[in-house]
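Me: Hi, I have a structure open and want to get my bearings. Can we go through it together?

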Amino acid sequence: MTTRAHAEFAVIAAVGAVLVVGYLDFALVRLVDPITDPVSDYVFHNGLLFVLAVALLMAGGIATLAGASRAGAGPPRSAVVLFRLWLAGLALVAVFPANPTVDVSTTSGSIHRLGGAVFLTCLPFASWLLSRTLAADPLWTITAERLRWCALVMFVTGGLFGLAQFLPWLPLGLLERIALAAQVVLVVVLALEIRRVAR
């Protein structure tokens, strides 16, 4: 697969994840409130599509990382470790269902929360480290600046979602969806930058 193909696949996969979640938001609105309920609640009503959305985002991330390496924008080792932890966190979220209710605590739910914390934390740090590496190369200066902005947005949106875990008056579901959207944007932005350079 060429660098350009990696980038294009990454965009398609990331957008596909958004479309699947968007469909679930619409189809299951009476069962899962997009404003107050987390995305992971969809696993109790349509687990297959929930796992598909996570798998698409993971596939987009893997393709982006492969494309970046082929295009000469391979991240430093520390960023690679963080990208892999991001993938591991997403895998945990997909495999281990969340707690069925806020009053019930399960081992699966605890692992699910750990996975969520890992993937929401690791990707912005990985993006920040990659932007610092790319900033030294004139070919990737614009990309580095865009990645820094994406990392900042992910830090803010992820932090707000984290606060919503402790402040029940915050719209937890909405903040989570915004945080996830920020991660999708990062994958798409990096993929498009790789495609631009690969021309």
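Reply: Sure. One term before we start: a helix axis here is a line fitted to C-alpha atoms over the stretch in contact, and angles between axes run from 0 to 180 degrees between N-to-C directions. Also, keep in mind that this is a predicted model.

Me: Okay. At what angle do the axes of α5 and α6 cross?

Reply: Roughly 165°. The two axes come within 8 Å.

Me: So are they roughly parallel or roughly antiparallel?

Reply: Roughly antiparallel. Angles over 145 degrees count that way, so α5 and α6 qualify.

Me: And which hand does the crossing of α5 and α6 have?

Reply: Left-handed.

Me: What classes of residue make up that contact of α5 with α6?

Reply: There are 17 nonpolar residues, four polar and four charged.

Me: Let's go to α4 and α5. How do they pack?

Reply: Their axes are 8 Å apart, at an angle of about 160°. That is why α4 and α5 are roughly antiparallel to each other. This crossing is left-handed.

Me: Which residues of α4 and α5 meet?

Reply: On the α4 side, they include Leu120, Leu123, Phe125, Trp128 and Leu134. On the α5 side, Leu147, Met154, Phe155 and Phe161 are among them. Arg148 of α5 takes part too.

Me: How does the contact of α4 with α5 divide by class?

Reply: Into 13 nonpolar, four polar and one charged.

Me: What about α1 and α6? How do their axes cross?

Reply: At roughly 160°, with the axes coming within 8 Å. So α1 is roughly antiparallel to α6. The crossing of α1 and α6 is left-handed.

Me: Who makes the contact there, from α1 and from α6?

Reply: From α1, the residues include Thr3, Arg4, Ala7, Glu8, Val11 and Asp25. From α6, they include Arg177, Val184, Val188, Leu192 and Arg195. By class, the contact of α1 with α6 has 11 nonpolar, one polar and five charged residues.

Me: New topic: holes. What volume does the largest pocket have?

Reply: About 1200 Å³. It is lined by 49 residues.

Me: Which of those are closest to the centre of the largest pocket?

Reply: Pro38, Ser40, Phe161, Leu172 and Glu176. You met Phe161 earlier, in the contact of α4 with α5.

Me: Which elements give two or more residues to the lining of the largest pocket?

Reply: They are α1 (3–27), α2 (43–70), α3 (77–95), α4 (107–134), α5 (141–164) and α6 (172–197).

Me: Which one gives the most?

Reply: That's α4, with nine residues.

Me: And what is the lining of the largest pocket like by class?

Reply: It has 31 nonpolar residues, 12 polar and six charged.

Me: How many cavities of 30 Å³ or more are there?

Reply: One. The largest cavity holds about 60 Å³ of space.

Me: Which residues line the largest cavity?

Reply: Gly61, Thr64, Leu65, Ala68, Phe83, Trp86, Leu123, Leu186, Val187 and Leu190. Two of these names came up in helix contacts as well. Leu123 is in the contact of α4 with α5, and Val187 is in the contact of α1 with α6.

Me: Which helices supply at least two residues of that cavity lining?

Reply: α2, α3 and α6 each do. Of the helices, α2 gives the most, with four residues.

Me: Last one: how many nonpolar, polar and charged residues line the largest cavity?

Reply: Eight nonpolar, two polar and no charged.

Notes:
Residues are numbered from 1 along each chain as its sequence is written. This is a predicted model: local features need pLDDT of at least 70, side-chain atom pairs count only at pLDDT 80 or more; totals for chains, interfaces and linings use all residues. Side-chain values use heavy atoms; hydrogens and water are left out. On a 1 Å grid over the protein atoms alone, a cavity is a set of points where a 1.4 Å probe fits but cannot get out, and a pocket is an open set with protein on both sides within 12 Å along at least five of seven lines; lining residues have an atom within 4 Å of a point. Grid points are joined across faces, edges and corners, and a volume is the space filled by probe spheres set on the points. Ala, Val, Leu, Ile, Met, Phe, Trp, Tyr, Cys and Pro count as nonpolar, Asp, Glu, Lys and Arg as charged, and the others, Gly among them, as polar. Angles under 35 degrees count as roughly parallel, over 145 as roughly antiparallel, 65 to 115 as roughly perpendicular and the rest as oblique. A crossing is left-handed if the near helix is turned anticlockwise from the far one by less than a right angle, and right-handed if clockwise. Contact means heavy atoms within 4.5 Å.
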